[in-house]
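Here is a short tour to read alongside the model. Take a look at the fold, then follow along below.

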Amino acid sequence: MKIALAQIDTTIGDFTGNRERIVKYAGCARDRGAELVVFPELALCGYPPRDLVEKAGFVERSQAELLRLARQLPPIAALVGYVRPSRAEQGKPVADAAALLVGGSVVLDYAKILLPFYDVFDESRYFEPGRSVCVREFGGFRVGITICEDVWNDKHFWTKRLYARDPVEECVEAGANLLLNLASSPYSTEKIKLRHDMLKTISTQRGVPVVYVNHVGGNDQLVFAGSSLAFNARGEL
């Protein structure tokens, strides 16, 4: 399966512009022979949306734009980050989610499990964590979907882990033989090398290919690192 990594620059709250940008690059991916195009975390609404997710109209617009996007995409599957209601009976009302769009419909929806609350991140203030991992048959693979922080808790790499759960391990145990990660990871010194080494460790220790797609450009005080990459199951970049 040929996968396109759509490392794009989005704008917080510019649903129309972000949707049009996603459609444009999905078309580029299709023209180059890709079967699946992966976009960054919260690409449809921009990252970090912060207090905007507390406005019902913002979340409603996000859902409506996702359905509009599904209808406008060229004939290619697209994995897109967006914000939606959490569907939880208790807790935060919204979730940081990813949707797989195929043939005009949403065929998969996953909510981010690990929500960072350190450094520049305050996601657990706004979002309800997902409860279960997402593994789905697609393109001859069993694809495991993760969002940014979900891959930052691997026991093979970190001596001190921040979370009790490891979504990567759970995906592999559920049968995933390909991992996709949508990210909004800001730049900081040495972080690009750290991320490279961490994802390589996941691919070699778990024996699965890893595809990582990050935002580029700036929003508010954050400048995103880009540096999207893919490793095969042998840890080769």
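## A hairpin of β6 and β7

Strands β6 (residues 134–138) and β7 (residues 141–147) run antiparallel to each other and are joined by five bridges. One bridge brings Phe138 together with Phe141 of β7. The two strands make a hairpin with two residues between them, and Gly139 in that turn has a positive phi of about 60 degrees. Please keep in mind that this is a predicted model.

## The whole chain

The hairpin belongs to a protein chain with five helices and twelve strands. For 237 residues, a compact globule would have a radius of gyration near 18 Å, and the 16 Å of the protein chain agrees with that. The C-alpha atoms fill a box of roughly 40 × 40 × 35 Å along the principal axes.

Of the 237 residues, 52% count as buried. The chain exposes about 10,300 Å², with carbon and sulfur atoms supplying 49% of that area. Among contacts between residues at least 6 apart in sequence, 70% join residues at least 24 apart.

## Helix α1

Helix α1 has 17 residues, and the distance from its first C-alpha to its last is 24 Å, close to the 24 Å expected at 1.5 Å a residue. Its buried residues are Phe15, Gly17, Asn18, Arg19, Ile22, Ala26, Gly27 and Ala29. They pack against β1 (3–5), β2 (36–38), α2 and β3. After α1 comes Gly33, which has a positive phi near 90 degrees.

## Helix α2 and its two sides

Helix α2 (residues 56–72) also invites a check of its length. At 1.5 Å a residue, its 17 residues should span 24 Å, and the end C-alpha atoms are indeed 24 Å apart, which agrees.

Which residues of α2 are buried? They are Phe58, Val59, Ser62, Glu65, Leu66, Leu69 and Ala70. These residues cover an arc of only 140 degrees around the axis, so they lie on the same side of α2. The spacing has a simple background: an α-helix has 3.6 residues a turn, so residues three or four places apart point the same way.

What covers this buried side of α2? The cover includes α1 (15–31), β3 (77–85), β4 (94–102) and β5 (105–111). On the face of α2 turned away from its buried side sit the exposed residues Glu60 and Arg71.

Methods
Residues numbered from 1 in each chain as written. Predicted model: local features only at pLDDT ≥ 70, side-chain atom pairs only at ≥ 80, totals over all residues. Heavy atoms only, no water. Helix = DSSP H or I, 4+ residues; strand = E, 2+ residues; numbered from the N terminus. Expected span 1.5 Å × (residues − 1). Buried < 20%, exposed > 50% of the residue type's maximum accessible area, 1.4 Å probe, protein only. Arc of directions from axis to C-beta. Contact = heavy atoms within 4.5 Å. Rg over C-alpha atoms; globule rule 2.2 N^0.38 Å. Areas by Shrake-Rupley, 256 points an atom, 1.4 Å probe, with all protein chains shown as cover. Pairing = 2+ DSSP bridges.
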